[in-house]
Amino acid sequence: MDKTGLSQKAGSLVLLLLASSLLLCKSAAPLPICPSGAVNCQVSLRDLFDRAVILSHYIHKLSSEMFSEFDERYAQGRGFITKAINSCHTSSLSTPEDKEQAQQIRHEDLLNLVLEVLRSWNGPLYHLVAEVRGMQEAPDAILSRAIEIEEQNKRLLEGMEKIVGQVHPGVKENEVSSVWAGLPSLRMADEDARLFAFYNLLHCLRRDSHKIDNYLKILKCRIVHNSNC
């Protein structure tokens, strides 16, 4: 091969590597809200909210993809969606359904509600990862997203606790008021019942992650920009 051919081949390889790097950057998880292990997080309130909003949107994106993957692979023709309405473990929490309702809630209460919802998902996400690992022929895409969401939910919760600490210092941590009791359902011998339990949990995760995403955008506008946006 002459020098021109070698040069063109090398150039193509460089472009391919560059494109691969860009794709990896796009799919990579957002940076943590605070450095891991940091006792005093020296990040401005504006930056904390910026990172929290990015992270919550990332979690919602992953949960939507995971739900769609599960729905396509396991739920087609089973009529799960009609049974999944209003059966989330967080339904006991009084959460606003849309932006107009959320605008009516004081930001102190909305912040606490975000914390409650995030904390209520710690247990379910831990068990979701464990049970998906035990599913026969579970797609890697579902397992990898479940692992990633569990990790990022913890990060978001830590970040929100930092935000609440800046906005309302001295506020005591509340216990989780919405307890998940769905683990036995994920282990049922009846395949339809077990698959519905997974479907319902993923449906609820997608719903709640969407709510958190919206609430944080509203809170950022109110607290950082002093506006209702």
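Mentor: Contact means heavy atoms within 4.5 Å, and we apply that here to a predicted model.

Trainee: With which residues is Met 160 in contact, leaving aside its neighbours within four places in sequence?

Mentor: Those partners are Ala 52, Leu 111, Val 114, Leu 115, Leu 118 and Leu 216, and Met 160 is also among the residues with the most contacts inside the largest nonpolar core, together with Phe 70, Leu 128, Leu 156 and Leu 216.

Trainee: Which helix supplies the largest share of this core?

Mentor: Helix 9 does, with 15 residues of the 61 that make up the core.

Trainee: Why is the link of Cys 88 and Cys 204 called a disulfide?

Mentor: The definition asks for a pair of cysteine sulfur atoms within 2.5 Å, and the S to S distance between Cys 88 and Cys 204 is 2.1 Å, so the pair qualifies as a disulfide. A search of the whole structure finds one such link, and with -95 degrees about the S-S bond it is left-handed.

Trainee: What does the pair tie together?

Mentor: Cys 88 lies in the loop between helix 3 and helix 4 (99-103), whereas Cys 204 lies in helix 9, so the disulfide ties together parts that are 116 residues apart in sequence. Both Cys 88 and Cys 204 are buried.

Trainee: How do you know that the reach of helix 5 is close to the expected one?

Mentor: The expected span is 1.5 Å times one less than the number of residues; for the 14 residues of helix 5 this gives 20 Å, and the helix reaches 20 Å from its first C-alpha to its last, so the two agree closely. The buried residues of helix 5, including Leu 111 and Arg 119, are covered by elements among them helix 4, helix 6, helix 7 and helix 9.

Methods: Residues are numbered from 1 along each chain as its sequence is written. This is a predicted model: local features need pLDDT of at least 70, side-chain atom pairs count only at pLDDT 80 or more; totals for chains, interfaces and linings use all residues. Side-chain values use heavy atoms; hydrogens and water are left out. A nonpolar core is a set of buried Ala, Val, Leu, Ile, Met, Phe, Trp, Tyr and Cys residues joined through side-chain atoms within 4.5 Å. Buried means under 20% relative accessible area, exposed over 50%, partly exposed in between (1.4 Å probe, protein chains only). Helices (H or I, at least four residues) and strands (E, at least two) are DSSP runs, numbered from the N terminus.
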